[in-house]
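I opened my notebook today to look up aromatic ring pairs and one serine. Here is what I wrote down, step by step.

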Amino acid sequence: MATTPELTSLRSARVTAAHRLARRSFRGKERRFLAEGPQAVREAIAHSGGPAGRTLVELYATPEAAGRHADLVAAARAAGAPVLTATPEVMAEISDTVTPQGVVGICRFLDTPFAEVLRTRPRLVAVLAHVRDPGNAGTVLRCADAAGADAVVLTDASVDLYNPKAVRASAGSLFHLPVAVGVPVTEAVQGLRAAGVRLLAADGAGQRDLDAEMDEGTLRGPTAWIFGNEAWGLPEETRALADEVVRVPIHGRAESLNLATAAAVCLYASAREQRAPGGCRSVTST
């Protein structure tokens, strides 16, 4: 690895193009996004690019970070991605964080068409409807991945999946499971229901209790959880589309749970029930 950075000017074409990926309009035009930090870059390298080619397009790193993560640099090069060293000032220009980790990858979009999600006959899905905070969206995606969900769906009223904060909050989970984006909520509900998936809206005002759902064994079949806005939850018209509106019981004195915590509780409840004897994941496919 050269000790002299190859990118030193903030005005170079490469640096300018990478910096512009912080804006949604430019990301959409180029169908590329930034993955910051060694964990995200490592997952991007491991992700199969499919017909569109490799997921990691380019890797930028400071000389110090390139030396510290020599294995990552070697893996990127082995995957065919150019590796460019840059000064800390250039990396700060590209990065979206206050304290950059010195490693930033430029990646191709990797969302999955909703029709393809449905073709897999998913058994556990997280639907993000009206979720506007990118940190929450990324964290719910991470929770869905940890719970073994088959897919995540972001409606057209939700935040951009490729927002740098959402990518960081996903902690690499963005590269692990299918994610459909920009799906109208009515289309998401209708498609999942037609695929045999039961729709549950998670809302603090729900008449059904999550404990009751578990006690009655109703979470054992294919299920999609619909999660709403951080501040005002799900609008009435969205709740009306669900088969049930379910609340997470508050047994203590807390006023409520935040979105990511509630999503983790609901998704893990479904995961546990689906893996129990008689659950949909205990049936061997033929």
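The entries below go through the ring pairs and then the serine.

**Entry 1, ring pairs.** I kept in mind that this is a predicted model. My search for aromatic pairs returned 5. I looked up Phe 33 and Phe 109: the ring centres are 6.4 Å apart and the planes stand at 50°. That angle is neither under 30 degrees nor over 60, so I noted the pair as tilted.

**Entry 2, where these two sit.** I found Phe 33 in strand S1 (residues 32-36). Phe 109 is in the loop between strand S4 (103-108) and helix H7 (114-119). The pair therefore ties together parts that are 76 residues apart in sequence. I then checked accessibility: Phe 33 is buried at 0%, and Phe 109 also counts as buried, at 17%, because the cut-off is under 20%.

**Entry 3, a stacked pair.** Next I took Trp 225 and Phe 227, whose ring centres are 6.5 Å apart. Their planes are at 10°, so I put this pair down as stacked. Trp 225 is buried, with 0% relative accessibility, and Phe 227 is buried with 2%.

**Entry 4, a cluster.** Which residues do ring pairs link into a cluster? I listed Phe 33, Phe 109, Tyr 162 and Phe 175.

**Entry 5, the serine.** I located Ser 270 in helix H13 (residues 259-274). Ser 270 is buried, at 0% relative accessibility. Leaving out residues up to four places away in sequence, I found Ser 270 touching Leu 124, Leu 219, Thr 223 and Trp 225. Trp 225 is the tryptophan I had already met in the stacked pair with Phe 227.

Technical notes. Residues numbered from 1 in each chain as written. Predicted model: local features only at pLDDT ≥ 70, side-chain atom pairs only at ≥ 80, totals over all residues. Heavy atoms only, no water. Phe/Tyr/Trp six-rings, centres within 6.5 Å; stacked < 30°, edge-to-face > 60°. Helix = DSSP H or I, 4+ residues; strand = E, 2+ residues; numbered from the N terminus. Buried < 20%, exposed > 50% of the residue type's maximum accessible area, 1.4 Å probe, protein only. Contact = heavy atoms within 4.5 Å.
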